[in-house]
Amino acid sequence: SLAAPQQMSDAEIKRALSGKSWRWSGPNNSGVTLYASDGTSLVEVTGKGTTTGTWSAKDGQLCEAFAPAPFLPKGVALNCQPMTGSGNVYQVGQATFTLA
């Protein structure tokens, strides 16, 4: 059986994402997010548009919130999901992240 993926530390999550663009693919949407080192993000959702957000790491999870946009009228409240992986491929909740 496969070993459970190793939980990342908050510092590892920040180091992995900060200042880089990540292509993500989930059950409902895909796109590219730029994770700025100041904790803000710019999110492009394929076929829908762009929005801004905030991100942080807490208890080995990636926490994100998104501002309202035409395709996201209410925005998305802060949501934290486990992040695992290494190098250029990570799993965040149900989404796969690959370095853009």
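How many disulfides does the structure hold? In this predicted model, the structure holds one disulfide, and the description below starts from that link before turning to the strands around it and to the largest pocket.

The disulfide is formed by C63 and C80, whose sulfur atoms lie 2.1 Å apart. Because C63 belongs to strand β5 and C80 to strand β6, the pair ties together parts of the chain that are 17 residues apart in sequence. The link of C63 and C80 is right-handed, with an angle of 110° about the S-S bond. As for the setting of the two cysteines, C63 has a relative accessible area of 1% and is therefore buried, given that the term covers values under 20%. C80, by contrast, reaches 30% relative accessibility and counts as partly exposed. In general terms, a disulfide is a covalent bond between the sulfur atoms of two cysteines.

Strand β5, which carries C63, pairs with β4 in the antiparallel sense over six bridges, and within this pairing S56 stands opposite C63. The two strands β4 and β5 form a hairpin with two residues between them, and D59, in the turn, has a positive phi of about 55°. On the other hand, β4, which spans residues 49-58, is also joined to β3 by six bridges, and these two strands run antiparallel. Here V45 stands opposite G49 in β4. The hairpin of β3 and β4 has three residues between the strands, and G47 in this hairpin takes a positive phi near 80°.

Several of these strands also contribute to the largest pocket, which has a volume of about 630 Å³. The pocket is lined by 24 residues, of which W24, N29, E64, F66 and Q81 are the closest to its centre. Strands that each supply at least two residues of this lining are β2 (30-35), β3 (40-45), β5 (61-66), β6 (76-86) and β8 (95-99). Among the contributors, β6 gives the most to the lining, with four residues. When the lining is divided by class, 14 residues are nonpolar, eight are polar and two are charged. Strands β5 and β6 thus appear in both parts of this account, as the strands in which C63 and C80 lie and as suppliers of residues to the lining of the largest pocket.

How values were computed
Residues are numbered from 1 along each chain as its sequence is written. This is a predicted model: local features need pLDDT of at least 70, side-chain atom pairs count only at pLDDT 80 or more; totals for chains, interfaces and linings use all residues. Side-chain values use heavy atoms; hydrogens and water are left out. On a 1 Å grid over the protein atoms alone, a cavity is a set of points where a 1.4 Å probe fits but cannot get out, and a pocket is an open set with protein on both sides within 12 Å along at least five of seven lines; lining residues have an atom within 4 Å of a point. Grid points are joined across faces, edges and corners, and a volume is the space filled by probe spheres set on the points. Ala, Val, Leu, Ile, Met, Phe, Trp, Tyr, Cys and Pro count as nonpolar, Asp, Glu, Lys and Arg as charged, and the others, Gly among them, as polar. A disulfide is a pair of cysteine sulfur atoms within 2.5 Å. Buried means under 20% relative accessible area, exposed over 50%, partly exposed in between (1.4 Å probe, protein chains only). Two strands pair if DSSP finds at least two bridges between them.
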